[in-house]
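Trainee: I would like to learn how to read local features from a model. Could we go through one case together?

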Amino acid sequence: MGYNGQAKGFRWQLNAGVENIFDAYYCEHLDWGNIARQGRNFYLQPGIGF
């Protein structure tokens, strides 16, 4: 999910999301030794452009 805005000569952006929302046990094909990935992750990512 993301939101864009503009104020006083610069642009800003705010992104948020959830990864592995159901906390599933999984491995990617390039993971070392089939070690499971992290559980549920939440993130908030701000950005500013000029």
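Mentor: Take D23, in the loop between β2 and β3. The model is predicted, and that applies to each feature we discuss.

Trainee: What is the phi of D23, and how should I read it?

Mentor: The general idea is that most residues other than glycine have a negative phi. In this structure, D23 has a phi near 55 degrees, which is a positive value in a residue other than glycine. D23 is partly exposed, at a relative accessible area of 41%.

Trainee: Which residue in the loop between β2 and β3 should I look at next to D23 for phi, and is N34 found there?

Mentor: N34 is found in the loop between β2 and β3. Its phi is positive, about 55 degrees, although N34 is not a glycine. N34 counts as exposed because its relative accessibility is 57%, and the cut-off for that class is over 50%.

Trainee: Where does K8 take a positive phi?

Mentor: K8 does so in the hairpin of β1 and β2, with a value near 50 degrees. That hairpin has two residues between the strands.

Trainee: How many bridges pair β1 with β2, and in which sense?

Mentor: Strand β1, residues 2-7, pairs with β2 over six bridges in the antiparallel sense. To follow the register, look at which residues face each other: Y3 stands opposite L14 in β2, and G2 stands opposite N15 in β2.

Trainee: How many bridges join β2 to β3?

Mentor: Nine bridges join them, and the two strands run antiparallel. Here E19 stands opposite N41 in β3. Strand β2 covers 10-19 and β3 covers 41-49, with F22 in the loop between them.

Trainee: How is a pair of aromatic rings described?

Mentor: A pair of aromatic rings is described by the distance of the centres and the angle of the planes. The count for this structure comes to one aromatic pair. Its rings belong to Y3 and W12, with centres 5.5 Å apart and planes at 45 degrees, so the pair is tilted. As for accessibility, Y3 is exposed at 54% relative accessible area, whereas W12 is partly exposed at 29%.

Trainee: How many salt bridges are counted?

Mentor: The count comes to one salt bridge. It joins D31 and R37, whose closest N and O atoms are 2.9 Å apart. Consider the two ends separately. D31 is buried because its relative accessible area is 18%, and the buried class means under 20%. R37 is partly exposed, at 40%.

Trainee: Which residues does Y26 touch, leaving out those up to four places away in sequence?

Mentor: Y26 touches N20, A36, R37 and Q38. R37 is also the salt-bridge partner of D31. Y26 has its place in the loop between β2 and β3 and is partly exposed, with a relative accessible area of 32%.

Trainee: How far apart are Y26 and L14 in sequence and in space?

Mentor: Sequence separation and spatial distance should be read as two separate values. Y26 and L14 are 12 residues apart in sequence and 28 Å apart in space, C-alpha to C-alpha. For G39 and Y25, the values are 14 residues in sequence and 7.6 Å in space, again C-alpha to C-alpha.

Trainee: What is G39 in contact with, leaving aside its neighbours within four places in sequence?

Mentor: G39 is in contact with E19, N20 and D23. This brings back D23, the residue with the positive phi near 55 degrees. G39 is found in the loop between β2 and β3 and is partly exposed, at 27% relative accessible area.

Trainee: Which residues form a nonpolar patch on the surface?

Mentor: The patch is formed by V18, I21, F22 and F42, with about 490 Å² of accessible area together. Within this patch, consider F22: it lies in the loop between β2 and β3. F22 is exposed, with a relative accessible area of 75%.

Definitions and conventions:
Residues numbered from 1 in each chain as written. Predicted model: local features only at pLDDT ≥ 70, side-chain atom pairs only at ≥ 80, totals over all residues. Heavy atoms only, no water. Patch = residues over 30% accessible without salt bridge, like charges linked within 9 Å, V, L, I, M, F, W, Y side chains within 5 Å. Areas by Shrake-Rupley, 256 points an atom, 1.4 Å probe, with all protein chains shown as cover. Salt bridge = Lys/Arg side-chain N within 4 Å of Asp/Glu carboxyl O. Helix = DSSP H or I, 4+ residues; strand = E, 2+ residues; numbered from the N terminus. Buried < 20%, exposed > 50% of the residue type's maximum accessible area, 1.4 Å probe, protein only. Phe/Tyr/Trp six-rings, centres within 6.5 Å; stacked < 30°, edge-to-face > 60°. Contact = heavy atoms within 4.5 Å. Pairing = 2+ DSSP bridges.
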